[in-house]
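Work through the exercises below with the sequence and the model at hand, and try each task before reading its solution.

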Amino acid sequence: MGTKTVDETGVKTDLRKTDETAEAPETAGTETETTDIAGAAEDDATTDAEVTDDGDFATTENEDVTGVGQGAGAVVSAGLGIVSLTGSWVGTVASARESVFGQLETTTSSNVQDMLEKGYGDAWQATALWGGVFALIALIVGVVVLVRPAFGAPGKPQAAWIKSVSWAGVALGVIGLILAVLKYTNVMLDVPSVG
């Protein structure tokens with residue numbers, strides 16, 4: 001039984017019942033908040049999933065929704081294609097190495113043609129070889145990015161800029177590969193002959 005008190009107006013009130021009524025709205029508010037949070041979580045879950053014909057939920061989120069991986073691959077392809085045409089640090093080091101070896105091999109030789117072949121020709125071929133490697137990698141990466149949608153989620157078109165950059169990488173790779181073959185086989189800028 002609660003304690004009864006008399007207020008200024010002379011009305012008797014039960015303190016225990018007053019405390020219970022004061023606590024009741026707080027509990028009801030907590031239950032409502034819990035229900036709202038649970039409902040929001042369910043709504044979020046259903047927005048990330050889609051009901052299939054069988055009634056099952058299928059996740060619609062794709063790891064590559066924005067094409068970040070494909071875009072990065074396209075840029076890498078174009079970058080490698082440019083490197084294959086302009087030269088790379090690896091090609092420069094390989095060329096210098098071959099040039100030093102050529103000079104060491106021809107120090108006792110008085111034949112100018114051998115000196116040109118070993119000092120210039122081998123270094124030129126090393127540069128062409130590394131340019132061809134970068135061109136081939138650019139070509140492969142560009143082709144993989146272009147054919148990726150065929151093996152990904154059907155019906156999701158590839159962004160136009162990704163296609164453009166990928167095609168640029170493929171084109172630069174092909175050009176770089178052709179130039180590398182021409183340089184390596186001495187068709188283009190061959191070793192001058194001393195006659």
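**Exercise 1: a nonpolar patch**

Helix 4 (residues 112-151) contributes four residues, the largest share, to the nonpolar patch, where helices are DSSP runs of H or I with at least four residues, numbered from the N terminus. The model is a predicted one, in which local features need pLDDT of at least 70 and side-chain atom pairs count only at pLDDT 80 or more, while totals for chains, interfaces and linings use all residues. Residues are numbered from 1 along each chain as its sequence is written, and side-chain values use heavy atoms, with hydrogens and water left out.

Task: state which residues make the nonpolar surface patch, and why Val133 counts as partly exposed.

Solution. The patch, of about 430 Å², is made by Leu129, Trp130, Val133, Ile137 and Tyr184; patch residues have over 30% relative accessible area and no salt bridge, and nonpolar side chains (Val, Leu, Ile, Met, Phe, Trp, Tyr) are joined within 5 Å. A salt bridge here is a side-chain nitrogen of Lys or Arg within 4 Å of a carboxyl oxygen of Asp or Glu, and areas come from the Shrake-Rupley method with a 1.4 Å probe. Val133 lies in helix 4, and it counts as partly exposed because its relative accessibility is 32%, given that buried means under 20%, exposed over 50%, and partly exposed in between.

**Exercise 2: helix 3 and the loop before it**

Task: determine how the buried residues of helix 3 are arranged around its axis, and whether Ser88 is buried or exposed.

Solution. In helix 3, the buried residues are Gly91, Ala94, Ser95, Ser99 and Gly102. Seen down the helix axis, they fall within an arc of 135°, so they line one face of helix 3, the arc being that of the directions from the axis to the C-beta atoms. The face turned away from this buried side carries the exposed residues Trp89 and Leu104, whereas the cover of the buried residues includes helix 4. Ser88, in the loop between helix 2 (68-86) and helix 3 (89-105), is buried, with a relative accessible area of 14%. Leaving aside neighbours within four places in sequence, Ser88 is in contact (heavy atoms within 4.5 Å) with Val83 and Phe134.

**Exercise 3: beyond helix 5**

Task: locate Thr185 and find how far its C-alpha atom is from that of Ala128.

Solution. Thr185 is in the segment after helix 5 (160-184) and is partly exposed, with a relative accessible area of 45%. Its C-alpha atom is separated by 9.2 Å from that of Ala128, although the two are 57 residues apart along the chain.

How values were computed:
Patches are made of residues with over 30% relative accessible area and no salt bridge: like charges are joined within 9 Å, nonpolar side chains (Val, Leu, Ile, Met, Phe, Trp, Tyr) within 5 Å. Helices (H or I, at least four residues) and strands (E, at least two) are DSSP runs, numbered from the N terminus. Buried means under 20% relative accessible area, exposed over 50%, partly exposed in between (1.4 Å probe, protein chains only).
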